[in-house]
Amino acid sequence: MAERRVVGPPPLEFDLPVHGGFAPVGIGETFPDEAIESDELEIAGEPGQDPAAAFRRTLGMFATGVTVITTHAKDQEGDQVHGMTANAFMSVSLRPPLVVISVDRRAKMHALLHEGRRYGISVLADEQRALSDRFAGRTGEGTEEVEFDVVHETPLVRGALAHLVARVVRSNWGGDHSLFVGQVEYARYGEGQPLLFHGGRYEHLLERAPVFSSLPPEILESITSEGDERTFEEGEFVVREGDPGDDLFVILDGEARVERKGNALATFGPGAFFGEIAVFDGRPRSADVVAATRLRTLAISRDLIREVLMREPRAAWAMLEALAARFRDD
Ligand code: FAD
């Protein structure tokens, strides 16, 4: 998996000294007893509903990613890694680079964090749902060992989509949670799909879920056998964002990189399909695809797909099954 590391001299936007006091006078200086005068909350909707549950549900409408917060913990067995699933993570500032997490005061993690202490943030990938459950205490012990990488003396969950290491520079009262503002010392992102959380359940992006690649091989064969071979030199655009999506591509040799606004989203290798969605919905391409190496592809036009589907109703049915499978959440 290709990665970009932000180490050594920071990029310009991160290259700012962090001064002792971040905030203008008067900001961040309220104390618990002064902050809240009343805890009355008006809940609109069904009369008689449990206000606490309705408030939680309201907050749950905000879709987020999922992170695992990590730090070191000392116990009788020595230095241990402690991790906790959190979706209350937010970027705060680019200059200086700051993030914040909100941690339940009853959580073990809460007792481990204080000013000067570092925490790691691992942004989970779609396929790391089990890790999210694990670090939320939703699965029992005995599941396989979790692997960590240590950066800036801070553990980070291996295989996550992005990593940050932050040092706590402020901790603020947040009711039954506390806010730990961290100055980011390290950031790294990779490629892939994020794990999402919405309405109390995990969700995932459908955007690049496979359609063609999940068709039975004999049907795929009847479509691809009539494709048109095209080659691209390294760095050459295969498709550009906004182009009409008239063809889908199958990679025969080499690798292609999907990019949006210059950010790499995914890299595909031999056997992978791309451009599937635009070929069906007829809308413009939503991302660039660039040849990451010399690239040999098979281009399959919308007209050819339509023709094969008319000829072979079995192929049309298989495609409907593949599409329906995308909406299953298991
Ligand atoms: P524990 O409950 O003791 O540990 C958490 C779990 O992680 C345990 O099962 C433990 O065995 C496992 N674990 C810890 N370290 C390791 C390790 N080194 N290797 C393997 N397993 C390990 N709570 C918040 O306060 N803020 C949030 O933003 C937040 N967001 C959440 C989002 C989601 C999607 C979910 C599912 C939960 C969220 N929670 C959040 C709840 C929080 O994850 C749980 O309450 C969690 O159990 C609190 O962890 P803890 O620090 O008390 O430690």
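Which helices and strands each supply at least two residues of the shell around the ligand? In this predicted model, the elements that do so are the strands β4 and β6 together with the helices α3 (108-112) and α4 (129-135). Among these contributors, β4 gives the most to the shell, with 6 residues.

**The ligand and its surroundings**

There are 24 residues around the ligand, and those that come nearest are Val81, His82, Thr85, Asp104 and Lys108. When the shell is sorted by class, it has 12 nonpolar residues, 7 polar residues and 5 charged residues. Three pairings between the ligand and atoms of the protein are set out in the table below.

| Residue | Part of the residue | Ligand atom | Distance |
|---|---|---|---|
| His82 | side-chain N or O atom | oxygen | 2.8 Å |
| Ser102 | backbone N or O atom | nitrogen | 2.9 Å |
| Asp104 | backbone N or O atom | oxygen | 2.7 Å |

Taken on its own, the ligand has 990 Å² of accessible area, and the protein covers 76% of that area. His82 and Asp104 thus appear twice in this account, since both are listed with the residues that come nearest to the ligand, while the side chain of His82 is 2.8 Å from an oxygen atom of the ligand and the backbone of Asp104 offers an N or O atom 2.7 Å from an oxygen atom of the ligand.

**The nonpolar cores**

The largest nonpolar core of the protein has 21 residues, and within that core Val103 and Tyr119 are the residues with the most contacts. Five strands, namely β4 (78-86), β6 (98-104), β7 (118-123), β10 (162-174) and β11 (177-189), each supply at least two residues of this core, and the largest share, 4 residues, comes from β10. Two of these strands, β4 and β6, also each supply at least two residues of the shell around the ligand. A second core, separate from the one just described, has 18 residues, and Phe212, Val279, Leu304 and Val308 are included in it.

**The protein as a whole**

The secondary structure comes to 8 helices and 21 strands, and of the 330 residues in the protein, 36% are buried. If one considers the contacts in the protein with a separation of 6 or more, 71% of them are accounted for by residues that stand 24 or more positions apart. The accessible surface of the protein comes to about 19400 Å², and carbon and sulfur atoms hold 53% of that surface.

Technical notes. Residues are numbered from 1 along each chain as its sequence is written. This is a predicted model: local features need pLDDT of at least 70, side-chain atom pairs count only at pLDDT 80 or more; totals for chains, interfaces and linings use all residues. Side-chain values use heavy atoms; hydrogens and water are left out. A nonpolar core is a set of buried Ala, Val, Leu, Ile, Met, Phe, Trp, Tyr and Cys residues joined through side-chain atoms within 4.5 Å. Buried means under 20% relative accessible area, exposed over 50%, partly exposed in between (1.4 Å probe, protein chains only). Contact means heavy atoms within 4.5 Å. Accessible areas come from the Shrake-Rupley method with a 1.4 Å probe; for residues, only the protein chains shown count as cover. A residue is near a molecule or strand if one of its heavy atoms lies within 4 Å of it. A polar contact is a pair of N or O atoms within 3.5 Å; within protein, one must be able to donate a hydrogen and the other to accept it, and residues adjacent in sequence count only if both atoms are side-chain atoms. Ala, Val, Leu, Ile, Met, Phe, Trp, Tyr, Cys and Pro count as nonpolar, Asp, Glu, Lys and Arg as charged, and the others, Gly among them, as polar.
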